[in-house]
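Hi,

Here is the structure I promised to pass along. Have a look at it first, and then read on for what turned up when I went through it.

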Amino acid sequence: MKNIVLSILTVVALAGSVNAQVVDSAKRKVELQGAVNFRDLGGYTTKDGHHVKWGKIYRSADMSKLTDQDLATLAERKIAYDVDLRGTQESKQAPDRMNPNTDYVLCPAGSDNVGNMMQSFKGKTHGDSIMVDYYSNTTYLADRYKPFFGKLLAMPEDKSLVFHCTAGKDRTGIGAALLLYSLGVPYETIMKDYEASNYYRAAENEKMAKQMVQFMKVNEGVAKDVVAVKKEYLDATFTAIKKQYGSVDNYLKTQVGLTNNDIKALKAKFLE
């Protein structure tokens, strides 16, 4: 009985921490056999009272292991665009399995040296500072996400798109944050979507942390920090952008290349 109570309390705590992402998870989460953290970015309320359309934009982790049944699910959801945020080697080692004629684009900017970052975990007891440093580096962001926004702008009204990396939490998390920001979603809601990866990846995170400790000899504390998402991580990206470019709006305009008409087009296409 005690274990049941603890389980209930844990679920309640998680629901409180990730808010609508868990409350509407039956609608948001897409059940796939070969991918985790695959979810719909729809339903979020903007500052001016609009809502992000359901069934248009999805985020995910690795998509190299999709089953035939998974591909049928993607086809049903009219997912015809695939934006891969992984590095060149990552994508070669585990190429996406998608339906024929899917419009695929690889956006590897800044990702081919991600593996080197793993070496910096050795000897550390916490990984927060390393993750904050990673999130604070804006060098490659524009080149990584320009094609993402380009595909969103070009995508036909009757199609939908998925974007992903390997874990579906860091590069994908930043991409989702920039997109939701461009649509006028409040930062608090953006953060909830970002933090929800801890919920949707709970089992996978535990598994990955154990593997890092066992095979890479990384400290357990570091491993848990690295596989998780934390508010200070995404905060670091937005703080760095504001410090260097004055505002996120200015960054999207001058670096990502989104004009006022582009922003209007995104809102017209993806809000209701």
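**Aromatic residues**

Let me start with the tyrosines: Tyr134, Tyr135, Tyr194 and Tyr233 come together in one aromatic cluster. Before you read too much into side chains, do keep in mind that this is a predicted model. Over the whole structure, the search for aromatic pairs gives 10 of them. One of these pairs joins tyrosine 245 and tyrosine 251, with 5.0 Å from centre to centre and 55° between the planes, so it goes down as tilted. The two partners sit in different surroundings: tyrosine 251 is buried, at a relative accessible area of 1%, whereas tyrosine 245 is partly exposed, at 22%.

**The overall picture**

The protein has 272 residues, and 48% of them are buried. Its secondary structure consists of 16 helices and 5 strands. What about contacts along the chain? Of those with a separation of 6 or more, 72% link residues that are 24 or more positions apart.

**Helix 9 against helix 14**

Two helix pairs are worth pulling up on screen. In one, helix 9 (residues 171-182) meets helix 14 (residues 231-245), and their axes come within 11 Å and cross at roughly 55°. That makes the two helices oblique to each other, and their crossing is right-handed. On the helix 9 side, the contact is made by Ile174, Ala177, Leu178 and Tyr181, and on the helix 14 side by Leu234, Thr237, Phe238 and Ile241. Sorted by class, this contact has 7 nonpolar residues, 1 polar residue and no charged ones.

Threonine 237 deserves a closer look. This residue lies in helix 14 and counts as buried, with a relative accessibility of 0%. Which residues does threonine 237 touch, leaving aside those up to four places away in sequence? They are Tyr135, Leu141 and Ile174. Two of these names have come up already: Tyr135 belongs to the aromatic cluster, and Ile174 is part of the helix 9 side of the contact.

Alanine 240 is in helix 14 as well, and at 10% relative accessibility it is buried too. Not counting residues up to four places away in sequence, alanine 240 touches Ser136 and Thr138. Asparagine 137 is 103 residues from alanine 240 in sequence, yet the two C-alpha atoms are 7.5 Å apart in space.

**Helix 8 against helix 16**

The other pair is helix 8 (residues 141-154) and helix 16 (residues 260-270), which pack at an angle of about 60° with their axes 9 Å apart. Helix 8 and helix 16 are therefore oblique to each other. What is the handedness of the crossing of helix 8 and helix 16? It is left-handed. Helix 8 brings Phe149, Leu152, Leu153 and Ala154 to the contact, and helix 16 brings Asp262, Ala265, Leu266, Lys269 and Phe270. In terms of class, the contact of helix 8 with helix 16 has 7 nonpolar residues, no polar ones and 2 charged ones.

If you only have a few minutes, I'd go to threonine 237 and look around from there: it is in helix 14, and its contacts include Tyr135 and Ile174.

Cheers

Technical notes:
Residues numbered from 1 in each chain as written. Predicted model: local features only at pLDDT ≥ 70, side-chain atom pairs only at ≥ 80, totals over all residues. Heavy atoms only, no water. Axes fitted to C-alpha atoms, helices over the stretch in contact; angles between N-to-C directions. Helix = DSSP H or I, 4+ residues; strand = E, 2+ residues; numbered from the N terminus. Parallel < 35°, antiparallel > 145°, perpendicular 65-115°, else oblique. Left-handed = near helix turned anticlockwise from the far one by under 90°. Contact = heavy atoms within 4.5 Å. Nonpolar A, V, L, I, M, F, W, Y, C, P; charged D, E, K, R; others polar. Phe/Tyr/Trp six-rings, centres within 6.5 Å; stacked < 30°, edge-to-face > 60°. Buried < 20%, exposed > 50% of the residue type's maximum accessible area, 1.4 Å probe, protein only.
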